[in-house]
Amino acid sequence: MEEIIKAKWKDILVHVKSEYYLTDVCYKTWISPLELYSVNEEESTAIISVNDYLLGESSKDHINKKYNLFIQVSIEEITGYHLTITYKNKSELDKNAGIPKPKTKSKNNLAFNLNDKYTFDTFVVGSNNSFAHAAALAVADSPLESEYNPLFIYGGPGLGKTHLIHSIAHHIIDNYPDLQVLYVTSEQYINEIVDAMRNSKQDRTTLNNIKKKYREVDVLMIDDVQFIIGKDITQEEFFHTFNALYEQGKQIILTSDKHPNQMEKLDERYKSRFNWGLPVDIKSPEYET
């Protein structure tokens, strides 16, 4: 029974969407992430895993209350089996199974300040961000062969830019462990460059090491790059770092609150370079998203 239901699982979920007229957003948010965890044939029961990283502990209750009947009927119509379903949060099931396991990362990987919950699996896709999401996935799948270089993600605060850039980093680290990925916020970048500049009069070693750190990675990711703009020292240094990486065919990913052309203090050199690749925006979500 379990093997049959698992083999038909995708058909069951699609059936839920089509038969009960769910929107794409509802389907991608609530139904598509569901996984069949186990089936007890003797008791005609099943446990379905709910990705609680979407909306926390209340996820399984929401699914049970709003979609259980749809899922139950769809399983019966597709497979012929009538099951009593229990929904459990993925984190709960993973904990019981001794998961999650630590991610395999290159010993040289520099993307240490990533939020483990900011992944593509937990990113809610809607009409407001679908293009940015697709572009981010394309870059994450082919980080050194992407046509989108730099990838420039822009939009207002709280709309998911950081979530998306962290998702790219996680995906590259998981699938390309030999690539060196460096993720920093603009504040971290500014502090490192300024401190190195201050100490360079006595010893240029620190400054040279910082330049090497940023110019020898495979993927450079800077969050909120707008804060670097207008600060002569860091802006000029970033300009040279950008050129060095781009000429080597390395991937650059940036986030900002505005499109490059809307940045008043941004030098034309930067506007030109930021537009070389693909600027994509994240808009405010519609009510359903």
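**Group meeting: loops, a helix pair and helix α10**

I will start with a loop: Ser44 sits between β1 (35-40) and β2 (45-50). Helices and strands here are DSSP runs numbered from the N terminus, with H or I over at least four residues for a helix and E over at least two for a strand. Before going on, a word on the source: this is a predicted model, where local features need pLDDT of at least 70 and side-chain atom pairs count only at pLDDT 80 or more, while totals for chains, interfaces and linings use all residues. Residues are numbered from 1 along each chain as its sequence is written, and side-chain values use heavy atoms, with hydrogens and water left out.

Back to Ser44. Its phi is positive, about 55 degrees, although Ser44 is not a glycine. Most residues other than glycine have a negative phi. Ser44 counts as partly exposed because its relative accessibility is 27%; buried means under 20% relative accessible area, exposed means over 50%, and partly exposed is in between, with a 1.4 Å probe and protein chains only.

Tyr21 also has a positive phi without being glycine, near 55 degrees. Tyr21 is in the loop between α2 and α3 (24-31). Buried or exposed, then, for Tyr21? At 72% relative accessibility, Tyr21 is exposed.

Now the whole protein. It has 11 helices and 8 strands, and its C-alpha trace spans about 75 × 40 × 30 Å along the principal axes. Of the 289 residues, 46% are buried. The accessible surface is about 15,200 Å², and carbon and sulfur atoms account for 48% of that; the areas come from the Shrake-Rupley method with a 1.4 Å probe, and for residues only the protein chains shown count as cover. Taking contacts between residues at least 6 apart in sequence, 74% join residues at least 24 apart. Contact means heavy atoms within 4.5 Å.

Next, a helix pair. The axes of α2 (residues 9-19) and α4 (residues 59-79) come within 9 Å and cross at roughly 125 degrees. So α2 is oblique to α4. The classes are roughly parallel under 35 degrees, roughly antiparallel over 145, roughly perpendicular from 65 to 115, and oblique for the rest. Axes are lines fitted to C-alpha atoms, for helices over the stretch in contact, and angles run from 0 to 180 degrees between N-to-C directions.

Which residues of α2 meet α4? They are Trp9, Asp11, Ile12, His15 and Val16, and on the α4 side the partners include Phe70, Ile71 and Ile78. The residues of this contact divide into 7 nonpolar, 3 polar and 2 charged.

Last, helix α10 (residues 232-247), which holds Thr241. Thr241 is buried, because its relative accessibility is 1%. Leaving aside neighbours within four places in sequence, Thr241 is in contact with Tyr189, Tyr214, Arg215 and Leu220.

Phe242 is in α10 too, and counts as buried at 2% relative accessibility. Not counting residues up to four places away in sequence, Phe242 touches Pro150, Ile252, Arg273, Phe274 and Trp276. The C-alpha atoms of Phe242 and Ile252 are 7.7 Å apart, with the two positions 10 residues apart in sequence numbering.

One of those partners, Pro150, is in the loop between α6 (130-141) and β4 (151-154). What kind of peptide bond joins Asn149 and Pro150? A cis one, with omega about 5 degrees. Most peptide bonds are trans.

Terms used: Nonpolar A, V, L, I, M, F, W, Y, C, P; charged D, E, K, R; others polar.
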